[in-house]
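Biologist: Please take a close look at a single part of this model and tell me, in connected form, how that part is built and what surrounds it.

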Amino acid sequence: MVRFVTNTTKESKKDLLERLKKLQFDISEDEIFTSLTAARNLVEQKQVRPMLLVDDRALPDFKGIQTSDPNAVVIGLAPDHFHYQILNQAFRLLLDGAPLIAIHKARYYKRQDGLALGPGPFVTALEHATDTKATVVGKPEKMFFLEALRSTGCEPEEAIMIGDDCRDDVGGAQNVGMLGILVKTGKYQAADEEKINPAPYLTCDSFPHAVDHILQHLL
């Protein structure tokens, strides 16, 4: 049983599914669990009206959510919105007592032109300026992995996480009892495996190498 879990906030689940299918993944929508889904669930639980600092392509995942006269701030990866005026609006809402919901706090991510700042530094700036603490819903939070596993019927000890982010993918998964395999692709940087404790269960050159290890040694 497989789940594709992602912190991406750049696109809706529907767009993500279409992109994966174009890459020849045999995948259904219910096999994808995103941090946007987790954020929407929390907004609905709290019954708040969020100011959405997310990429415009991610907005379909919040369809039906009331956003006028906001009394909460939801922040994801939104490079086009991370400028002074918008961040200052968020700052003032937080000063008035609005909760801060961070879809994730990744430090950086990989683009075609190289590494780029993730939402983490902007979330931290708002936390610092308002002396508040964000509720984080994406990786590496424990609830993210547990929610992703819930529909599988598997316990964490029966699951393996493969990812290129030592902290958010591997460290987060291992903190809930899963095995974590770090792959040296994507955003991986030299010696990343030394940045978390415990170290990854395994470090592989690529995703296929990780799958081969699972098939040969863990099933």
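Modeller: What follows starts from one helix and then moves to the elements around it.

The model is a predicted one, in which local features need pLDDT of at least 70 and side-chain atom pairs count only at pLDDT 80 or more, while totals for chains, interfaces and linings use all residues. Residues are numbered from 1 along each chain as its sequence is written, and side-chain values use heavy atoms, with hydrogens and water left out.

The part I have chosen is helix 5, which covers residues 142-150; helices (H or I, at least four residues) and strands (E, at least two) are DSSP runs, numbered from the N terminus. Within helix 5, Phe144, Phe145, Ala148 and Leu149 are buried, where buried means under 20% relative accessible area, exposed over 50% and partly exposed in between, with a 1.4 Å probe and protein chains only. Viewed down the axis of helix 5, these buried residues fall within an arc of 125°, so they line one face of the helix; the arc is that of the directions from the helix axis to the C-beta atoms. The face turned away from this buried side carries the exposed residues Met143 and Arg150.

Two of the buried residues deserve a separate word, since Phe144 has a relative accessibility of 1% and Phe145 one of 2%. Phe144 and Phe145 also form an edge-to-face aromatic pair, with 5.6 Å from centre to centre and 85° between the planes. (Rings of Phe, Tyr and Trp, the last by its six-membered ring, pair if their centres lie within 6.5 Å, and planes under 30 degrees apart count as stacked, over 60 as edge-to-face and the rest as tilted.) Ring pairs join Phe144 and Phe145 with Phe33 in a cluster, and a search of the whole structure finds four aromatic pairs.

As for what lies against the buried side, the buried residues of helix 5 pack against strand 1 (4-6), strand 2 (32-34), helix 2 (35-46), strand 9 and helix 6 (166-175). Strand 9 leads us on to an open sheet of three strands, with the order 9-10-11 and parallel pairing; two strands pair if DSSP finds at least two bridges between them. Strand 9 (160-163) and strand 11 (202-204) stand at the edges, each with a single partner strand, so one side of each is left without a neighbour in the sheet. Neighbouring strands here are turned by 20° against each other on average, direction ignored, with axes taken as lines fitted to C-alpha atoms (for helices over the stretch in contact) and angles running from 0 to 180 degrees between N-to-C directions.

Strand 9 is joined to strand 10 (residues 179-183) by four bridges, and the two run parallel. In this pairing Ile160 stands opposite Leu179, and Met161 stands opposite Gly180. Strand 10 is mostly covered, as four of its five residues are buried. Helix 7 (residues 207-218) also packs on this sheet, touching strand 9, strand 10 and strand 11, and its direction makes about 160° with that of strand 9; contact means heavy atoms within 4.5 Å.

Lastly, a residue from helix 1 (residues 13-22) belongs in this view, namely Leu16. Leu16 is buried, with a relative accessible area of 7%, and, its neighbours within four places in sequence left aside, Leu16 is in contact with Thr6, Thr8, Glu11, Ile32 and Thr34. Leu16 and Ile32 are 16 residues apart in sequence, and their C-alpha atoms are 8.8 Å apart in space.
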